[in-house]
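Work through the following exercises with the sequence and the 3D structure at hand, and try each task before reading its solution.

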Amino acid sequence: MTESATPRTRASADGVPPSGKIPGESKASAWDAALRLLGVRARSRDEMRKRLERRGFEAAEVESVMTRLDSAGLLDDAEFASEWVRSRHANSGKGRIALRHELVAKGIDKAVVEDALADVDPDAEREIAAALVSKKLTPSLIEQAQVDRAGREKAFRRLVGMLVRRGYSQSMSIDVVNDALRTG
């Protein structure tokens with residue numbers, strides 16, 4: 001059996017060759033690309049602009065698409081930020097600090113970020129932090145914390161560090177871990 005005479009191109013995992021152009025398909029418009037991106041998940045204005053520019057669309061075409069997306073109501077940074085905070089806080093256990101950093105990295109205005117973070121209930125945030133700690137608080141860690149002061153300090157540092165890395169304030173992290181070690 002012989003291979004065909006047509007040259008083969010190496011495709012990525014999604015079947016698209018490195019050139020980004022699918023053989024036999026004409027170049028997609030920036031509008032089509034934007035709609036595909038929005039089909040995956042909501043995007044911030046800055047994120048959408050950067051993705052379209054990265055795909056090699058002309059600046060004028062990108063601006064035209066951005067205007068069209070705005071007029072169609074498909075880009076709303078305030079709605080995006082609010083949904084991002086709700087989802088990441090509830091599903092990923094992220095604290096306010098981490099959420100603020102994520103939204104700023106996505107190009108959301110700081111005032112919009114603060115408005116979205118205002119929706120986070122401090123009691124719910126504390127409950128999520130406590131749940132994260134109780135999940136990590138294994139019997140061996142509790143035993144280690146009860147045996148001696150060094151063991152308690154080690155467990156304390158590990159648990160507080162975990163919460164701080166997830167974006168919880170240091171003061172809340174300390175309070176939650178102290179409560180958990182006292183009752184653990």
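**Exercise 1.** Does Ser173 count as buried or exposed, judged by relative accessibility? Then place Ser173 in the chain and list its contacts.

*Solution.* Bear in mind from the start that this is a predicted model. Begin with the location: Ser173 lies in helix α10. Next, recall the cut-off, which is that a residue is buried when its relative accessible area is under 20%. Ser173 has 0% relative accessibility and therefore counts as buried. Finally, once its neighbours within four places in sequence are set aside, Ser173 is in contact with Val160, Leu163, Val164 and Tyr168.

**Exercise 2.** Describe the helices and strands of the protein chain, and state what share of its residues is buried.

*Solution.* Count the elements, and you find 10 helices and 0 strands in the protein chain. Reading along the sequence then gives the pattern α-α-α-α-α-α-α-α-α-α. As for burial, 33% of the 184 residues in the protein chain are buried. Turning to contacts between residues at least 6 apart in sequence, 59% of these join residues at least 24 apart.

**Exercise 3.** Find the largest nonpolar core and say which helices each supply at least two of its residues.

*Solution.* A general tendency helps here: in soluble globular proteins, nonpolar side chains tend to be buried together. In this model the largest nonpolar core has 18 residues, and those with the most contacts inside it are Val133, Leu137, Leu159, Leu163 and Val177. The helices α7 (122-136), α8 (139-147), α9 (149-165) and α10 (170-183) each supply at least two residues of this core. A second core, separate from this one, has 13 residues, including Ala34, Met48, Phe57 and Met66. To look more closely at one member of the largest core, take Leu163, which, leaving aside its neighbours within four places in sequence, is in contact with Ala129, Leu132, Val133, Tyr168, Ser173, Val176 and Val177.

**Exercise 4.** Explain how α7 and α9 are oriented to each other, and which residues make their contact.

*Solution.* First consider the axes of α7 and α9, which come within 10 Å and cross at roughly 135°. Because of this angle, α7 is oblique to α9. The handedness of the crossing of α7 and α9 is right-handed. The contact itself is made by Ala129, Leu132, Val133 and Lys136 of α7, together with Leu159, Met162 and Leu163 of α9. Sorted by class, the contact of α7 with α9 has 6 nonpolar, no polar and 1 charged residues.

Conventions: Residues are numbered from 1 along each chain as its sequence is written. This is a predicted model: local features need pLDDT of at least 70, side-chain atom pairs count only at pLDDT 80 or more; totals for chains, interfaces and linings use all residues. Side-chain values use heavy atoms; hydrogens and water are left out. A nonpolar core is a set of buried Ala, Val, Leu, Ile, Met, Phe, Trp, Tyr and Cys residues joined through side-chain atoms within 4.5 Å. Buried means under 20% relative accessible area, exposed over 50%, partly exposed in between (1.4 Å probe, protein chains only). Helices (H or I, at least four residues) and strands (E, at least two) are DSSP runs, numbered from the N terminus. Contact means heavy atoms within 4.5 Å. Axes are lines fitted to C-alpha atoms, for helices over the stretch in contact, and angles run from 0 to 180 degrees between N-to-C directions. Angles under 35 degrees count as roughly parallel, over 145 as roughly antiparallel, 65 to 115 as roughly perpendicular and the rest as oblique. A crossing is left-handed if the near helix is turned anticlockwise from the far one by less than a right angle, and right-handed if clockwise. Ala, Val, Leu, Ile, Met, Phe, Trp, Tyr, Cys and Pro count as nonpolar, Asp, Glu, Lys and Arg as charged, and the others, Gly among them, as polar.
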